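Let's take a first look at this structure together. Here it is.

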Amino acid sequence: MAGPSFDDRDGVIWYNGEMVPWRDANLHILSHGLHYASSVFEGERAYNGRIFKLREHTERLFYSARTLGFEIPYSLDEIDEACKATLTENDIVDGYIRPVAWRGSEMMGVSAQETRINVAIASWPWPSYFSPEARMKGIKLRTTKWRRPAPDTEPVHAKAAGLYMICTLSKHEAEDLGFDDALMLDYRGQIAEATGANIFMVMGDGKLHTPISDCFLDGITRRTVIDLADKRGIEIIERAILPDELDNATEIFLTGTAAEVTPVGQIDERTFTVGDISRWMMEDYDQLVRGEGESAASAA
Ligand code: PMP
């Protein structure tokens, strides 16, 4: 892993309303969030000093918290401002922002009605989720046995810590076998997403197909790319997609705040080339997030 450990860095972290030195942003071992996954988070990126779709991310953080049965004890504006402040205080112009909210230590057990809701926001420079070389020729995915759960099994649309248990298992399994990430099917056996990004495929018909997000995160990047494709006049089809249909796919790419638009060159034994639609979406997304020359101040 590149860089220093995440608990041993210079800078400050916004923690329950105050900026605290990075190394002092600690919590107690007996925190409900750690034991029972009562934790929700966001992943945001700043480009040229501006956080892309900040309000949408903050709204999703509040939605995720409510889905897990708790309220963030700040306003949307306060969280937006705190996200921006972590960038300025840490001198970050291009980087990643990680807000997280969790239940504290006041109760230990399944019931957690009286726990304090804690909120922290960290930010750090983070150029690329997948290595630049892998991104150029397309990353390699391996289908995992772990399935995205049904919407009546878990709160599937929350960005909640508990939902990442099978993602880490799947990604480790893929990495151990020389792949970059895992492809996850859902409880019905349909293609769902990668472990931290949504999936799109260009089929033989030249149209862009993507699974309906009825049991996984409807990514902010996913929705952005759907708009960008629409502006290019590319037809988008949201539908149930079975793994065998990958035989008819000509291009595949992933979308996510961290992953941005990342082409896929291989899924299990099947290989794909990085085609025009993938390249256009990478370029269009890059231009959009960088605000096409818009100044950070006017966009904030
Ligand atoms: N699916 C999962 C499981 C994720 O963790 C992410 C990253 N937040 C996404 C999809 C993509 O979401 P977004 O585009 O909002 O970052």
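Is the crossing of H2 and H3 left-handed or right-handed? The two helices cross in a right-handed way (clockwise turn of the near helix from the far one by less than a right angle; anticlockwise would be left-handed). This is a predicted model, where local features need pLDDT of at least 70 and side-chain atom pairs pLDDT 80 or more, while totals for chains, interfaces and linings use all residues. Residues are numbered from 1 along each chain as its sequence is written, and side-chain values use heavy atoms, leaving out hydrogens and water.

Helix H2 spans residues 54–67 and helix H3 residues 76–89; their axes sit 10 Å apart at an angle of about 120°. That makes H2 and H3 oblique to each other (not under 35 degrees, over 145, or 65 to 115).

Now for the charges. The structure has 23 salt bridges (a Lys or Arg side-chain nitrogen within 4 Å of an Asp or Glu carboxyl oxygen). Here are some of them:

| Pair | N to O distance |
|---|---|
| Arg23 – Asp8 | 2.7 Å |
| Arg188 – Asp186 | 2.7 Å |
| Arg222 – Glu238 | 2.7 Å |

Arg222 lies in helix H6 and Glu238 in strand S13, 16 residues apart. Salt bridges with shared partners tie Glu56, Asp218, Arg222, Arg223 and Glu238 into one network. Arg222 is buried at 2% relative accessible area, whereas Glu238, at 42%, is partly exposed (buried is under 20%, exposed over 50%, partly exposed in between, with a 1.4 Å probe and protein chains only). Asp186 is buried too, at 2%, and its partner Arg188 is partly exposed at 36%.

Conventions
Axes are lines fitted to C-alpha atoms, for helices over the stretch in contact, and angles run from 0 to 180 degrees between N-to-C directions. Helices (H or I, at least four residues) and strands (E, at least two) are DSSP runs, numbered from the N terminus.
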